[in-house]
Amino acid sequence: MFDLVIKNGLIADGSGAPTYRAALYVQDGRIAKISSDETLPAKECVDAKGLVVSPGFIDMHTHSDSTPWTAPGYEGRLHQGVTTDIAGNCGTSVIPKKRQENAEIKALTMADMKEELKTMAFGANMGTLVGHGNLRNCCLSNPYAPIPPKEEVEEMKKLLRREMEAGALGMSLGLEYMPGLCCETQELVELAKVVAEFDGIVSVHMRNEDDRIFDALEEVHRIAKESGAHLHISHLKVSHKNNWGKAGEVLAALDGMQKDSCVTADQYPFTAFNTTIKTLLPRWAKTGTNDEITAGLAADENWPGIKENVELKMERVGGPDLYMISTTNGAWPEIEAKRFDEIAEMLGTSVADAYRTVMKRCNSNVSAITFSMSDEDVLNFMRREDLAVISDSGSSDFVTGEKKGKPHPRSTSSAARFLKLVREEKLMPVEKAVAKLTSVPARILGLKDRGHLKEGFFADIVIFDPDTVAERGVYGDPFHTAVGIYKVYVNGILAWSEGKPGKRAGMLVEKRNKE
């Protein structure tokens, strides 16, 4: 007797092939049988009449590095059908780290994290990349050195190899952030060669996503060609109004790279990004800890140069009204969901002075949502069937736990919003949309037994209504569950059902190294 049968549903198996009616049988956490025979005995029967039955969605670009410890229910993922969450992006990961960092999480290495997670119950499957910034912080005497000593580069390679051997899925680069901003391309080539040894991916937050995006794409191409590694472009976009309409050129550049290199990409379905407002600082003012950055910002002799840079960058995006504070990490919650022009008016100061006040009061630990992309470009990227769909965010247990800040709604809504836009904009058939959420990221990550509904695969399953699925989270008010997602299974266990969390059955997703 099977543990579970889901019958009467339309199977979208993740391959992109047309849906078909069948019964799906689960046994011991895996898909045991997919059959037209709906009469086989099972302990539990779910009628999915009129609904789509698909593989669990895979969010391959998240920042939920500490989630198993801080929000283990993964409610921000499960309510919209995401069953696998990949952390460690944009150059920052929970491991490896020095002993004094992040005492809340004891793990210092991938091996340590694996041992910790064995004792914990968490809601979604999770895997991680190794942050390039972590490698620099662990191995370099000066993490901000443009060209570190050869022996220190060798230490980074040794540490990366150890983490890959322990099951990390690849390495991530955050080339718009410190310390990745400082490095030369050749360093990245050498590290990428290590990742290539394990058939992992190198996920890249490029140096530029606006005026110099084609230069940034060229760097990605160079790393891919010279290292032989699989390069993956994070959150593909064209930012700033003067660049709107260039999505086609960017996709043409991607096509060109794919002719001689392995290069893939992902995207979130929104026209605004979210990041630390430290990115508005000039390069020389970004070095150091938050305490050091804040002290430099407070120094009157530094302010004229910083002010000029802040004003210039805000103007290039389109103005201070396009920056909405998303989280102050508890330091100043009254300004969350307010825009910089509103904050300046509230304080009775210039916008630049308002920025300085916010940074000082929040000790440089504050993020903002920036409305910088066009709907047309976002939809053009979205039509591309080989681009994965991601959230680029942390998760939270906002249903049963605390709602913190006013984060970008992508943190609670990317998968559901994507499916809604597919329907409303008639972007593609639902089975192709399901593939972008499942088999596409599984193939990019090298996951061999997830991302498809196939016999023998893990029973990560979503039952949803393609005619109603949609997000409810919005800018300034993101904490709402999706509609149209009925049941979500993680490794054969009911993890979400009609608006309520179920049992926690997630497991660590590891890289299967070459044999």
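**Note on strands and cysteines**

1. In this predicted model, strand 8 (residues 57–59) and strand 9 run parallel and are joined by three bridges. One contact in this pairing links D59 to D85, its bridge partner in strand 9.

2. Strand 9 also pairs with strand 10 (residues 125–128), again in the parallel sense, over four bridges. D85 appears here as well: its bridge partner in strand 10 is M126.

3. How many of the six residues of strand 9 are buried? The count is six of the six, so strand 9 (residues 82–87) is largely enclosed by the rest of the structure.

4. An open sheet is formed by six parallel strands, in the order 11-12-13-14-15-19. Strand 11 (130–131) and strand 19 (388–389) stand at its edges; each has a single partner strand, so one side of each is left without a neighbour in the sheet.

5. At the strand 19 edge, the pairing is with strand 15 (residues 263–267), parallel and over two bridges. Within this pair, Q267 has V389 of strand 19 as its bridge partner.

6. The model has zero disulfides when sulfur atoms must lie within 2.5 Å. C90 is in none: the nearest cysteine sulfur, that of C183, is 14 Å away. C90 is also buried, its relative accessible area being 7%.

7. Why does C138 form no disulfide? The closest cysteine sulfur, in C139, is 5.8 Å from the sulfur of C138, which is too far for a bond. C138 is partly exposed, with a relative accessible area of 27%.

Key: Residues are numbered from 1 along each chain as its sequence is written. This is a predicted model: local features need pLDDT of at least 70, side-chain atom pairs count only at pLDDT 80 or more; totals for chains, interfaces and linings use all residues. Side-chain values use heavy atoms; hydrogens and water are left out. Two strands pair if DSSP finds at least two bridges between them. Buried means under 20% relative accessible area, exposed over 50%, partly exposed in between (1.4 Å probe, protein chains only).
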